[in-house]
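Please open the model in your viewer and keep the selection panel at hand. The tour below goes from charged side-chain pairs to the surroundings of the ligand.

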Amino acid sequence: MKIKTKLTLGVGLLFFLIVLLVALGVRQLHTLANDTENILVDNYNSLDYSRNMLKELDKIETDKQSLEKFQHYLELQSRNITEIGEKELTENLLEDSQTFLQQPDNKSVILLIRNDLNAIMKLNMDSIQRKSIVASQTADRAILWISITGSMCFIIAFTLLINLPSTIADPIKDLTESIRQIAGKNYSRRVHFEGHSEFGDLARSFNTMAEKLQEYSDSSLARLMMEKKRIETLINNMHDPVIGLNDTQKILFANEEALKISGLKSADIIGKPVQDIAVYNDLIRSLIQHLAGNSVDNSKNETLTIYADNKESYFEKQIVPIVITPTGETEKKEIGSFIILRNVTLYKELDYAKTNFIATVSHEFKTPIASMKMSLQLLENESIGSLNEEQQHLIASIKDDTNRLLRTTGELLNITQVETGKTQLEIEKSNVLQIVTEAVDATQKLAEQKNIKLFTAFPDTIPDVWADREKTTWVVSNLITNAIRYSYENASIQVQLSEDDSYVKIIVKDNGLGISSQYTGKIFDRYFRIPGSEKEGTGLGLAISKEFIEAQKGLITVESELGSGSTFTVFLKKAI
Ligand code: ADP
């Protein structure tokens, strides 16, 4: 039966019985009131009149008004005939009273009247007794019916009280618990409400939903497992070692390459805190330095040298944080990270071969170029023989090319030294004025060729600096050479010296082509040349300069605006 029908029937029946109870009560009370009224009106009055008439009869000889009063009560009694036989008795009384009025001295008549009155009183007394029995029966009946109806009301209300709350609350409780289980991903949960009530329908709908959810969950779980396997295979087949960490720095996985180079076994590390593994494994220790806050910049790839594949191998360490936005949330959350080691051994080997080749070639070039330069100087010498104008022109041009060649081989040699880490610096207390003057002198001729004026502005006194004199002179001349090369003819270049608290600054300022802001960060990279740059060059000068200056704990910066010129500043540590 439907809950709604049950409720309607139960409450409806209760309502009907209450109405019935009220009606019954009202009716029985009404009957009782009638019975009482009957006794009062019908019999009590007759008794009262009769009693008063007897009283007046006693005083009739002494009190003249008594007769009048007697007649008055007689009159009232003759109008209050309610019982069977009362009429005849009242008529006898009237007759006897009439006789008494005609013969007031007849004592026997008074006796007759008294007898009549007693008869009337007895009749009414009997009637009262009878009616009170009827009223009592009515009251008993009322009590009986009200008790029956009240008991029925009680039984129904009690049944409703016992059954209804649990009929409604129990399924709701069961359903709430089942919903909680489903929310906790226990899709096997079912509810069983028997019968055809609304809860039965609800249970069927709920079970269908749970079944569908289970089906969906099973299918997506299988799909997820498949995807997991696919990704695991992919990671395992990668040639680069990969280690996955969760948000608490426990190892989630390590592919075969990672296990191979670290000499670890999967079973020994999976699920363990990476810090615990780092205690006994050097490689893992160097890989997780970023966790200890040693290397803050994760985007910058570090190169590690690891003995793998029976040779020294090079790996670029990359930390990739796994950042996700959880479903239903807006804030991003880091749930772990990957440590990827890119095997760059092959590139390193190629780079090493290239550096070696450049070093050998430039070294081999250096001696013949130097001898060519000497020969040219000899040719220029008048004592050997005079040259005509055209020959002098040719000699000048060959000299230019030889100088350029010498500069290029010098740069190539320098960069190979930097790349192989063989740069040897002789850092000593140096006179910066001497360095700058040497550089200005070395570039003076080049400036003259383009009719460029080199202006110098040096303070009277300038402190010494910690520097490798030769290499720093090379850097300053390279900056002045660049300033000349990237300036228009007839321009001017300023070479200045100044100082701050810890540094002496060498400033080379030109009003030449200038550098677009997108390239100012790149010009110090090796082999970088601004695209479309018409001047010849290797793109190495500034890279070497930066290496040299930074190796001396100095700094080199550029400020430039395209079309307005550039200012290069070298900061050298004061030797105090
Ligand atoms: P390069 O041999 O090409 O001059 P550098 O390393 O000395 O190599 O310079 C790198 C690039 O920076 C140059 O190709 C040039 O485009 C730019 N550059 C260097 N100095 C200046 C300057 N004073 N004015 C404008 N551009 C310059």
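Begin by selecting D48 and R51, whose side chains meet in a salt bridge at 3.0 Å, N to O; a salt bridge here is a side-chain nitrogen of Lys or Arg within 4 Å of a carboxyl oxygen of Asp or Glu. This is a predicted model, in which local features need pLDDT of at least 70 and side-chain atom pairs count only at pLDDT 80 or more, while totals for chains, interfaces and linings use all residues. Residues are numbered from 1 along each chain as its sequence is written, and side-chain values use heavy atoms, with hydrogens and water left out.

Because D48 and R51 are three residues apart in helix α1 (residues 3-59), about one helical turn separates them; helices (H or I, at least four residues) and strands (E, at least two) are DSSP runs numbered from the N terminus. D48 is partly exposed at 23% relative accessible area, and R51 is partly exposed at 43%, where buried means under 20%, exposed over 50% and partly exposed in between (1.4 Å probe, protein chains only).

Next, select D58 and R114, which form a salt bridge at 2.4 Å, N to O. This pair links distant parts of the chain, since D58 lies in helix α1 and R114 in helix α4 (residues 107-183), 56 residues apart. D58 counts as exposed at 51% relative accessibility, whereas R114, at 27%, counts as partly exposed.

Move on to D351 and K354, joined by a salt bridge at 2.9 Å, N to O, and both in helix α10 (residues 345-380). Extend the selection to E419, R526 and E547, which are linked with D351 and K354 in a network of salt bridges. Across the whole structure, a search finds 28 salt bridges.

Which residues are closest to the ligand? Of the 20 residues that surround the ligand (a heavy atom within 4 Å), the closest are N482, Y486, D510, R529 and L542. Show distances to the ligand's oxygen atoms: a polar side-chain atom of N482 lies 2.8 Å from one oxygen atom, a polar side-chain atom of R485 lies 3.0 Å from an oxygen atom, and a backbone N or O atom of T538 lies 3.1 Å from an oxygen atom. The elements that give two or more residues to the shell around the ligand are α13 (469-485), α15 (541-551) and β12 (565-573). To finish, colour α13, from which the largest share of that shell comes, three residues.

Notes
Polar contact = N/O pair within 3.5 Å; in protein donor to acceptor, adjacent residues only side chain to side chain.
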